[in-house]
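Trainee: Please take one part of this model and go through it closely. I would like to see how it sits against its surroundings.

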Amino acid sequence: MTPEQFKMWRRSLGLKQKEAAEVLGLKKRMIQYYEKGEREDRKVEIPKSVRLACFALLQGIGDFDGEKITELKLSVNTLEDETTRNSP
């Protein structure tokens, strides 16, 4: 997941950076680093656990027990379509 894809993921769900941080269990500053792709001029990679959490939230899964989050209704296909459309 690139910084651009991460930002697109957040925006496609209608989340502000603070809200994305809350649903992912992170600090708002980490969201900013992930979206920028760097921290103090050093590359920042989005960890696999965060990428998987983003995917789970797209599917409406809010926790490991499969609890659904009704506010997050965007399908994976929609995000994939946006990613393909915005790719060079």
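Mentor: What follows is a close look at helix H3 and its surroundings.

The model is a predicted one. Helix H3 covers residues 28-36, and its buried residues are Ile 31, Tyr 33, Tyr 34 and Glu 35. The cover over these buried residues includes three helices, H1 (3-12), H2 (17-24) and H4 (48-58), together with strand E1 (38-39).

Take H2 as a partner of H3. The axes of H2 and H3 come within 8 Å and cross at roughly 105 degrees. An angle of 65 to 115 degrees counts as roughly perpendicular, so H2 is roughly perpendicular to H3. On the H2 side, the residues that meet H3 are Gln 17, Lys 18, Ala 20, Ala 21 and Leu 24; on the H3 side they are Lys 28, Ile 31, Gln 32 and Glu 35. Sorted by class, this contact of H2 with H3 has four nonpolar, three charged and two polar residues.

Two residues of H2 deserve separate treatment. One is Gln 17, which lies in helix H2. Setting aside residues up to four places away in sequence, Gln 17 touches Arg 10 as well as Lys 28, Ile 31, Gln 32 and Glu 35. With Glu 35 there is also a polar contact, side chain to side chain, at 2.9 Å. Glu 35 is among the buried residues of H3.

The other is Leu 24. With the same sequence neighbours left out, Leu 24 touches Phe 6, Trp 9, Ile 31, Val 50, Ala 53, Cys 54 and Leu 57. Leu 24 also belongs to the largest nonpolar core, a set of 16 residues. The residues with the most contacts inside this core are Leu 24, Phe 6, Trp 9, Ile 31, Tyr 34, Val 50 and Cys 54. The elements H1, H2, H3 and H4 each give two or more residues to this core, and H4 gives the most, with four. Ile 31 therefore appears in several roles: it is buried in H3, it is met by H2, and it ranks among the core residues with the most contacts.

Now the stretch after H3. The helix is followed by Gly 37, which has a positive phi near 85 degrees. Further along, in the loop between E1 and strand E2 (42-43), comes Glu 40. Glu 40 is not a glycine, yet its phi is positive, near 50 degrees. Asp 41 is found in the loop between E1 and E2 too, and has a positive phi of about 65 degrees although it is not a glycine. Glu 40 counts as exposed because its relative accessibility is 68%; Asp 41, at 71%, also counts as exposed.

Terms used: Residues numbered from 1 in each chain as written. Predicted model: local features only at pLDDT ≥ 70, side-chain atom pairs only at ≥ 80, totals over all residues. Heavy atoms only, no water. Buried < 20%, exposed > 50% of the residue type's maximum accessible area, 1.4 Å probe, protein only. Contact = heavy atoms within 4.5 Å. Axes fitted to C-alpha atoms, helices over the stretch in contact; angles between N-to-C directions. Parallel < 35°, antiparallel > 145°, perpendicular 65-115°, else oblique. Nonpolar A, V, L, I, M, F, W, Y, C, P; charged D, E, K, R; others polar. Polar contact = N/O pair within 3.5 Å; in protein donor to acceptor, adjacent residues only side chain to side chain. Core = buried A, V, L, I, M, F, W, Y, C linked by side-chain atoms within 4.5 Å.
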